[in-house]
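Welcome, and please load the structure in your viewer. Could you take a short walk through it, one selection at a time?

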Amino acid sequence: MLVIFNKLNIIHDLVNKGAKVQEGQQIGNVGNSGNTTEPHLHIHAERDGREVPIRFNGRFLVRNQLVRFN
């Protein structure tokens, strides 16, 4: 599975391209770049070239859904 995280402010040293991570493992800090009003994160996941639904706090997110995570 390929998962892409964009807009991370800091990526931890232990996480490199191709690294395997565990659910719940912190890989970085949410950032704020470009013309934005607050920190946010872009996530994309795919398997065999097809988009995979992402679950956050027990529910599936739909494409371009905004979620506040304080």
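What follows is a tour that goes from the whole chain to a few strands and then to single residues.

**Stop 1: the whole chain**

Start with everything shown, and keep in mind that this is a predicted model. Colour by secondary structure: the chain has zero helices and seven strands. Read along the sequence, the pattern is β-β-β-β-β-β-β. Now switch on the surface. The accessible surface of the chain is about 6,400 Å², and carbon and sulfur atoms account for 48% of it. How many of the 70 residues count as buried? The share is 10%. As for contacts between residues at least 6 apart in sequence, 38% of them join residues at least 24 apart.

**Stop 2: a sheet of three strands**

Next, select residues 2–6, which hold strand β1, together with residues 42–47, which make up β4, and residues 50–51, which make up β5. In what order do the strands of this open sheet lie? The order is β1-β4-β5, and the pairing is antiparallel. Strands β1 and β5 stand at the edges with a single partner strand each, so one side of each has no neighbour in the sheet.

Look at the two pairings in turn. Five bridges join β1 to β4. To see one place where these strands meet, pick Ile4 and its bridge partner in β4, His44. On the other side, β4 and β5 pair over two bridges. Here, select Glu46 together with Glu51, its bridge partner in β5.

Then follow the chain from β4 into β5. These strands form a hairpin, with two residues between them. Click on Asp48 in the turn: its phi is positive, at about 55°.

**Stop 3: a nonpolar patch**

Return to the surface view and select Met1, Val3, Phe5 and Ile43. Together they form a nonpolar patch on the surface, with about 340 Å² of accessible area. Two of these residues deserve a click of their own. Val3 lies in strand β1 and counts as partly exposed because its relative accessibility is 35%.

Phe5 is also found in strand β1. With a relative accessibility of 34%, Phe5 counts as partly exposed. What does Phe5 touch, once its neighbours within four places in sequence are left aside? Its contacts are Ile27, Leu41, His42 and Ile43. For a distance to try in the viewer, pick the C-alpha atoms of Phe5 and Gly28: they are 9.5 Å apart, with 23 residues separating them along the chain.

**Stop 4: Leu8**

For the last selection, move on to Leu8, which sits in strand β2, residues 8–11. Show the C-alpha atom of Leu8 and that of Gly31. The two residues are 23 apart in sequence, yet 4.7 Å apart in space. Now display the surroundings of Leu8. Not counting residues up to four places away in sequence, Leu8 touches Ile27, Gly28, Asn29, Val30, Gly31 and Leu41.

To finish, keep Leu8 on screen and bring back Phe5. Ile27 and Leu41 are among the contacts of Leu8, and Ile27 and Leu41 are also among the contacts of Phe5.

Technical notes. Residues are numbered from 1 along each chain as its sequence is written. This is a predicted model: local features need pLDDT of at least 70, side-chain atom pairs count only at pLDDT 80 or more; totals for chains, interfaces and linings use all residues. Side-chain values use heavy atoms; hydrogens and water are left out. Patches are made of residues with over 30% relative accessible area and no salt bridge: like charges are joined within 9 Å, nonpolar side chains (Val, Leu, Ile, Met, Phe, Trp, Tyr) within 5 Å. Accessible areas come from the Shrake-Rupley method with a 1.4 Å probe; for residues, only the protein chains shown count as cover. A salt bridge is a side-chain nitrogen of Lys or Arg within 4 Å of a carboxyl oxygen of Asp or Glu. Helices (H or I, at least four residues) and strands (E, at least two) are DSSP runs, numbered from the N terminus. Buried means under 20% relative accessible area, exposed over 50%, partly exposed in between (1.4 Å probe, protein chains only). Two strands pair if DSSP finds at least two bridges between them. Contact means heavy atoms within 4.5 Å.
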